[in-house]
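Trainee: I'm new to this structure, so please pick one part of it and take me through that part slowly. A bit of the wider setting would help too.

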Amino acid sequence: MISSDLRVGFIGAGRAAGALAAGLSERGYPVPAVASRTHASAAALAERIEGCKAVASAQRVAESCDIVFITTPDAAIESVAREVDWPAGVGVAHCCGAESASILDAARVQGAPTGSFHPMQTFTQATRGTDCFAGVTFAIDGSPPLLDVLAEMARALGGRPVEVRPEHRALYHLSGFLACGLMTAQVGRAADLWSVMGFTREQGLEALVPILRGTVDSLEAQGLPGALTGPISRGDLGTVRKHLEAIESYAPSLLPLYCESALGAITLAVEKGGIDGAAEAALRALLEERRASAERVEEVTARSGAGAPIVG
């Protein structure tokens, strides 16, 4: 199965499939076939890949390739693995971050080598080729020789393969969600504060994107805890009090989020050496008292059935 002429196919033609197919094709892996729930989406992907054809079924992909990536929505992976009659020697891998190769057991019992191949990256409709995979970590699992094939593919794309144990897949995926999905939600709350000041959310986002880029650059250059900035990093109790007063006046629903995040920042600030024991104690006392107060208010609100105030 390991060959310089390894033919790669895709069942599912979404954003991840488009990025992976383009990247692997650029690195010399033939991508002869793709299938999807709708032929139009498969055809749109195939048009971008040299030598690729949109085929009518998942079975056709399996019959024309040496390794097949199932890139359907996560909930459909097991049913696809079960419905295909896998030819001897064809490897099967899914691209779900939270699941191990075990969800492909229906293919494994037919004799197919199985694995998982998940890039810790987000994709848009415009994502193309290998550039989006440079430096990206790929969580892989499975058994040799397929595991070796997946590792080599990750390296060919410019990424870094790591074997994540099956019992840790949910933790792996959670780490990405905290750093990306929840971060996006938190930026949304930050942008909403601009509407309170008389601006639009779009103007708020425009103001925040440069500082976000700077933060990511700092994280890459300095790591943790070195990239931590802001009032907590320097033990500025007065500014934290002003934050809390502003939250209570204009956006009380943000209080639990602010307190929890700020308490986490204190831990980093101590690790960084930016605050001493007295500053740490004062900050923790203030934030824990306000968090407890917010929890009491939430409990009373829940009992009364009243809605909590929201930003804007």
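Mentor: Let's start with one word: a residue is buried if its relative accessible area is under 20%, exposed if it is over 50%, and partly exposed in between (1.4 Å probe, protein chains only). By that rule, 39% of the 312 residues of the protein chain count as buried. Keep in mind that this is a predicted model, where local features need pLDDT of at least 70 and side-chain atom pairs pLDDT 80 or more, while totals for chains, interfaces and linings use all residues. Residues are numbered from 1 along each chain as its sequence is written, and side-chain values use heavy atoms, with hydrogens and water left out.

Now the overall picture. The protein chain has 11 helices and 8 strands; these are DSSP runs numbered from the N terminus, helices being H or I of at least four residues and strands E of at least two. Along the principal axes, the C-alpha atoms fill a box of roughly 65 × 45 × 35 Å. Take the contacts (heavy atoms within 4.5 Å) between residues at least 6 apart in sequence: 59% of them join residues at least 24 apart.

The part I'd pick is strand β6, so let's find its place in the sheet. This is an open sheet of 8 strands with mixed pairing, in the order β3-β2-β1-β4-β5-β6-β7-β8. At the edges are β3 (53-54) and β8 (160-163), each of which pairs on one side only. Here two strands pair if DSSP finds at least two bridges between them. Strands of a sheet pair through backbone hydrogen bonds, either parallel or antiparallel.

You can see both kinds around β6. On one side is β5 (residues 91-94), which runs parallel to β6 and is joined to it by 3 bridges; there, valine 92 stands opposite threonine 114. On the other side, β6 (residues 114-119) and β7 (residues 137-142) run antiparallel, with 5 bridges between them. Follow that second seam along: serine 116 has aspartate 141 as its bridge partner, phenylalanine 117 stands opposite isoleucine 140, and proline 119 is partnered by phenylalanine 138.

How many residues of β6 are buried? The count is 6 of the 6, so β6 is largely enclosed by the rest of the structure. In a regular strand the side chains alternate between the two faces of the sheet. Have a look at that here: Thr114, Ser116 and His118 point one way, Gly115, Phe117 and Pro119 point the other way, and all are buried.

Its neighbour β7 is mostly covered, with 5 of its 6 residues buried. From there you can step out to β8, which runs parallel to β7 and is joined to it by 4 bridges. One of the matched positions is threonine 137, whose bridge partner in β8 is arginine 160.

Some of the residues we've just met also take part in ring pairs. Rings of Phe, Tyr and Trp (its six-membered ring) pair if their centres lie within 6.5 Å, and planes under 30 degrees apart count as stacked, over 60 as edge-to-face and the rest as tilted. The structure holds 6 aromatic pairs. In one of them, phenylalanine 133 and phenylalanine 138 have ring centres 5.7 Å apart and planes at 40°, so the pair is tilted. Both of these residues are buried. Ring pairs link Phe117 from β6 into a cluster with Phe10, Phe69, Phe123, Phe133 and Phe138.

For contrast, try tryptophan 194 and phenylalanine 199: their centres are 5.4 Å apart and their planes at 65°, so this pair is edge-to-face. Tryptophan 194 is partly exposed at 25% relative accessible area, and phenylalanine 199 is partly exposed at 39%.

Two last stops lie away from β6. Threonine 72 is in the loop between β4 (67-70) and α4 (77-83), and counts as buried because its relative accessibility is 15%. Beyond its neighbours within four places in sequence, threonine 72 is in contact with Ile11, Gly12, Ile77 and Val80. Helix α4 also holds glutamate 83, which counts as exposed at 63% relative accessibility. From the C-alpha atom of glutamate 83 to that of aspartate 131, 48 residues apart along the chain, the separation is 34 Å.
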